[in-house]
Amino acid sequence: MTTKCNTVKILKILLVTCLTLVTLQYVINLVAYSYVSRFFGMELMFQRNISIVQYLPIFGKQSKSSSSFNKSVTVIPPVISTVKNLFPSNTSQINTSNINQSSTPAFISPNISLLTSKEPIRNESLPLCPLVPPKLVGPLATFTNAISFEEILKNNPDLQPGGRYKPKDCVARHKVAIIIPYRDRITHLQILLQNLHPILARQLIDYGIYVVDMTLPTSFNRAMLMNIGFAEALKIYDYQCFIFHDVDLIPENDRNLYTCPESPRHMSVAVDKFKYRLPYASIFGGVSALTKEQFLKINGYSNLYFGWGGEDDDMNGRIHRKGYKVIRYSVDVARYKMIKHTREKSNPVNPKRYKLINTGKNRQDKDGINSLKYKVEKIEFLPTYTYILTTINQTEVEAG
Ligand code: UDH
Ligand code: NGS
């Protein structure tokens, strides 16, 4: 009888201890969450391997600042191969007109199995970088006068060839490829890199910058260059996160983390050109972030948008059709300045864009990263970025 009583007592004590420990962990996580969210002006840090996220029931809450103009979009704040060391001394070195257009290009498709390789084992001797990078400053003064690539390197001496960087003292939590669709905008590129490199270093990200260009005379195809950047960057390093970045958008706040949350993220929420408001709820252009997994699941961008407009709206449709929601940080954080420019002749407004958007659903699984055909003319691992020049055969792409 006494032994039975003792066993019951011991069981009771064990139960109470367990309950106390679980409650304590919950309280600690809530305090940690409140600190992280206040620091970023955000509601939720969306990161894997962070136990605080598991307890939070607020997924899907809208931020006050953007809800007035964006009703349908969920606003959830955040949470080498061989290298050649070359400077383009002037624009002509990356001028597409230098490329011999007469040679028959060998158009290739990327090997999709390469794109799904496993995460390598990380260097266990260094600690993981802090969850909240300690050197972030928040709102920034942007540099809008172009300086040379040599000067950009001088200002960012820890850059590795190809515009690669990773923190020295800790293991980065994120491996990020920044993909910049590009043609003949050298000044914009200089301004962007001058601003972006120091921000990414402060964010303690393991990253590389990929500037993806296409030869003339084919009309500019922003979406396809994103797909190519994705495929080519993955051949170089095991990136897990991809930021698709217009060359003319300069971040104004370093708390706008260049990382990938659980859902695709539209990053350029508040742009000066639009008076720091979203022009329409479903806009997905400018700067956006997707994990490798998300990008593959939605089959990347459509390859069929030649000329200006619509490819980002099509992408928004792809994301939703595969069951994702687009998330956004608050307008205080996700701020950008757009460098003023005129429309290029080689990027005319695409008259087919609405028809393409309306028929996007039927094509999604056969038009995208799995049907990508292009030729790489050259890849240069320059000191401040990797330059990839491609040729796209519009007739072949449109034939499917
Ligand atoms: N891009 C280039 N070169 C081009 C065209 C486009 O690099 O010739 C890239 C670049 O990254 C750019 C992005 O594609 O940021 C988007 O193209 P865009 O900047 O032309 O598109 P956006 O919608 O502006 O930002 C359209 C032109 C508006 C002219 C308005 C004149 N008042
Ligand atoms: C929409 C375009 C988008 C574009 C957005 C903002 O009209 O591709 O304007 O453009 N959609 C269509 O044309 C269907 S901007 O003002 O930045 O030049 O991203």
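## Two backbone details beside β2

Pro217 lies in the loop that links β2 (206–214) to α6 (222–236). In this predicted model, the peptide bond leading from Leu216 into Pro217 is cis, and its omega is near 10°. The loop between α5 (186–202) and β2 holds another residue worth a look, Leu204. Leu204 is not a glycine, yet its phi is positive, near 60°.

Why do these spots deserve a moment on the screen? Because most residues other than glycine have a negative phi, and most peptide bonds are trans. If you are browsing the backbone, then, Leu204 with its positive phi and the cis bond before Pro217 are good places to pause.

## The seven-stranded sheet

β2 also takes us into an open sheet of 7 strands, whose order is β5-β7-β3-β1-β2-β10-β9. The pairing in this sheet is mixed. At its edges stand β5 (265–266) and β9 (375–381); each has a single partner strand, so one side of each is left without a neighbour in the sheet.

Let us visit both edges in turn. β5 runs antiparallel to β7 (residues 287–291), and 2 bridges join the pair. Across from Arg265 you will find Ala289 of β7. At the other edge, β9 pairs with β10 (residues 386–391), again in the antiparallel sense, over 6 bridges. β9 and β10 make a hairpin, with 4 residues between the two strands. Phe381 has Thr386 in β10 as its bridge partner. While you follow these strands, keep in mind that in a regular strand the side chains alternate between the two faces of the sheet.

## The three-stranded sheet

There is also an open sheet of 3 strands, with the order β4-β8-β6 and mixed pairing. Which strands form its edges? They are β4 (249–251) and β6 (270–271), each of which pairs on one side only.

β4 meets β8 (residues 335–338) in an antiparallel arrangement with 3 bridges. Within that stretch, Pro251 stands opposite Tyr336 of β8.

## Ligand 1 and its surroundings

Ligand 1 sits in the largest pocket. There are 15 residues around ligand 1, and the nearest of them are Pro181, Arg183, Val247, Asp248 and Trp308. Sorted by class, the shell has 6 nonpolar, 2 polar and 7 charged residues.

Which parts of the protein offer polar atoms to the oxygens of this ligand? Arg183 does so through its backbone, with an N or O atom 2.8 Å from an oxygen atom of ligand 1. His341 uses its side chain, where an N or O atom is 3.1 Å from a ligand 1 oxygen. Glu344 contributes a polar side-chain atom at 3.4 Å from an oxygen atom of ligand 1. On its own, ligand 1 would expose 670 Å², and the protein buries 79% of that area.

## Ligand 2 and its surroundings

Ligand 2 likewise sits in the largest pocket. Trp308, listed among the residues nearest to ligand 1, appears in the surroundings of ligand 2 as well. Other residues around ligand 2 include Phe274, Tyr280, Ile283, Gly309, Asp312, Asp313, Tyr354 and Ile357. Two helices, α8 (311–321) and α9 (353–358), each supply at least two residues of this shell. How many shell residues come from α9? The helix gives 3, the largest share. By class, the shell divides into 6 nonpolar, 2 polar and 4 charged residues.

The polar contacts of ligand 2 involve both backbone and side-chain atoms. Gly310 places a backbone N or O atom 2.8 Å from an oxygen atom of ligand 2. A polar atom in the side chain of Arg353 comes to 2.7 Å from a ligand 2 oxygen, while for Lys273 the corresponding side-chain distance is 3.4 Å. Alone, ligand 2 has 460 Å² of accessible area, and the protein covers 75% of it.

Terms used: Residues are numbered from 1 along each chain as its sequence is written. Chains are lettered from A and ligands numbered from 1 in the order in which they are written. This is a predicted model: local features need pLDDT of at least 70, side-chain atom pairs count only at pLDDT 80 or more; totals for chains, interfaces and linings use all residues. Side-chain values use heavy atoms; hydrogens and water are left out. A residue is near a molecule or strand if one of its heavy atoms lies within 4 Å of it. A polar contact is a pair of N or O atoms within 3.5 Å; within protein, one must be able to donate a hydrogen and the other to accept it, and residues adjacent in sequence count only if both atoms are side-chain atoms. Accessible areas come from the Shrake-Rupley method with a 1.4 Å probe; for residues, only the protein chains shown count as cover. On a 1 Å grid over the protein atoms alone, a cavity is a set of points where a 1.4 Å probe fits but cannot get out, and a pocket is an open set with protein on both sides within 12 Å along at least five of seven lines; lining residues have an atom within 4 Å of a point. A molecule sits in a cavity or pocket if more than half of its atoms lie within 2 Å of its grid points. Ala, Val, Leu, Ile, Met, Phe, Trp, Tyr, Cys and Pro count as nonpolar, Asp, Glu, Lys and Arg as charged, and the others, Gly among them, as polar. Two strands pair if DSSP finds at least two bridges between them.
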